[in-house]
Amino acid sequence: MPIKNHQYNSILREYDARRLKSHREAMARREELYQKIPRLKELDNAIAHGSIQSAKLSLSGNPEALSSLREKNAALSAEKKALLVAHGYPEDYLKPKYLCPDCSDTGFIDREKCHCFQQAIVDLLYSQVNVRQAIGRENFDSFSYSYYSDDYIEESVKMTPQENIRYVVARAKEFIANFDTDPGNLLIYGNTGVGKTFLTNCIARELIFTGHTVIYLTAFELFDILERRKFARAQTEQEEEYSEAANQFAHIHDCDLLIIDDLGTELNNTFISSQLYQCINERLLGRNATIISTNLSFEQLKNNYSERIFSRITGNYTFLKIIGEDIRIRKKLL
């Protein structure tokens, strides 16, 4: 289901703002280097003049002169790149720096929506501003093993907490590496505060940055969307609510990765169980990856949800248990 016009236009305005900012920054770099390296300005002027001449010769139908001019322009461009490198700058230093190099922040590639535009729609529909901020802080570069003890063996996994988290992170990176060829599913479980959400944010960041659409929802948010979509009648007083829920629902089954955080914190009932089964099953049938994080133990998961759900999860998900102390408490004590 398409998003509303005002939502679509708000995304386009954001892209326009990105491009304008990139071009302004490129112009500022250009003016700065013109002062430091006057020859650069001479080369740019010569290249611009050569481009105009090339256009004129293309229209006049003089292939020999056009070929000669193109060689001259290529030599000027090569000199410009060499001059930048000689002064310690990369060859593309004067070009705009786009957030998405694939579409140059236009949002489109050959009239088709770029992967970054698809993610922008998802971010808007699901209000993923907090997620965007989180993955800027919580990623594999900032992941620290020092919060996990290495001085005792946890009997349930036969490893120290630090050995265990290194194993879990390695499996998470395998999940990312194989995502395009063999998408899988993860169930990340463990006590409160051991880093489950941090790890899912690490995975989300890597996949978003490689052009995949990721939806991050707490279990409460997921079931709220499913409930509103099922029970809100498309009548005048509820039309907007129904439309919003339907828009959100449309992406839940089809996005590249769905993250369901804190499963087990919702108020479970027959409706919740049936909707969870449908969501899990539809994504399995569509070969779309899902990550579930939960504080529930293996036994609690089995007892709290239907046999059908438990069977689908155990048969199609990789279980990753994180052990250790509450990191938030450890940070306060350090």
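User: In this predicted model, are K158 and E155 buried or exposed?

Analyst: The class depends on relative accessible area, with buried meaning under 20% and exposed over 50%. K158 has a relative accessibility of 58%, so this residue lies above the upper cut-off. K158 shares its class with E155, and both residues are exposed.

User: How far apart are the closest N and O atoms of K158 and E155?

Analyst: K158 is located in the loop between α5 and α6. Its salt-bridge partner is E155, and the closest N and O atoms of the two are separated by 2.8 Å.

User: What value does phi of K158 take?

Analyst: K158 belongs to the loop between α5 and α6. Although K158 is not a glycine, its phi is positive, with a value near 60°.

User: Which loop holds R287, a residue with a positive phi?

Analyst: R287 is a residue other than glycine, yet its phi is about 55°. Its relative accessible area of 54% exceeds 50%, so R287 is classed as exposed. As for its place in the fold, R287 sits in the loop between α10 (270-285) and β6 (289-294).

User: Which residue forms a salt bridge with E174?

Analyst: E174 is partly exposed, at a relative accessible area of 39%. The closest N and O atoms of the pair are 2.6 Å apart, which places them within the 4 Å cut-off for a salt bridge. The two residues are 3 apart in helix α6, and therefore about one helical turn separates them. The partner, itself partly exposed at 22% relative accessibility, is R171.

User: Which helix contains both E14 and R18?

Analyst: E14 and R18 form a salt bridge, with their closest N and O atoms 3.7 Å apart. E14 is partly exposed, because its relative accessible area of 42% falls between the cut-offs of 20% and 50%. The two residues are 4 apart in sequence, about one turn of the helix, and the helix is α1 (residues 5-36).

User: How many salt bridges does the model contain?

Analyst: The pairs include K158 with E155, as well as E14 with R18. A pair counts when a side-chain nitrogen of Lys or Arg is within 4 Å of a carboxyl oxygen of Asp or Glu. By this rule, the number of salt bridges is 12.

User: How many disulfides are there?

Analyst: A disulfide is a covalent bond between the sulfur atoms of two cysteines. The cut-off for such a pair of sulfur atoms is 2.5 Å. By this rule, the number of disulfides is 0.

User: Which cysteine has the sulfur nearest to that of C100?

Analyst: C100 is buried, because its relative accessibility of 5% is under 20%. The nearest cysteine sulfur is 3.7 Å away, beyond the 2.5 Å limit, so C100 is in no disulfide. That sulfur belongs to C116.

User: What is the relative accessibility of C202?

Analyst: C202 counts as buried. Residues in this class have under 20% relative accessible area, and the value for C202 is 0%.

User: Which residues form a negative surface patch?

Analyst: One member, D150, lies in the loop between α5 (129-137) and α6 (161-177). D150 has a relative accessible area of 46%, so this residue passes the 30% threshold for patch members. The patch consists of D150, D151, E163 and E325.

User: How far apart in space are Y145 and P161, C-alpha to C-alpha?

Analyst: Y145 is placed in the loop between α5 and α6. Its relative accessible area of 22% makes Y145 partly exposed. In sequence Y145 and P161 are 16 residues apart, while their C-alpha separation in space is 9.3 Å.

Conventions: Residues are numbered from 1 along each chain as its sequence is written. This is a predicted model: local features need pLDDT of at least 70, side-chain atom pairs count only at pLDDT 80 or more; totals for chains, interfaces and linings use all residues. Side-chain values use heavy atoms; hydrogens and water are left out. Patches are made of residues with over 30% relative accessible area and no salt bridge: like charges are joined within 9 Å, nonpolar side chains (Val, Leu, Ile, Met, Phe, Trp, Tyr) within 5 Å. Accessible areas come from the Shrake-Rupley method with a 1.4 Å probe; for residues, only the protein chains shown count as cover. Lys and Arg count as positive and Asp and Glu as negative; His and the chain ends are not counted. The place of a charge is taken as NZ of Lys, CZ of Arg, CG of Asp or CD of Glu. Buried means under 20% relative accessible area, exposed over 50%, partly exposed in between (1.4 Å probe, protein chains only).
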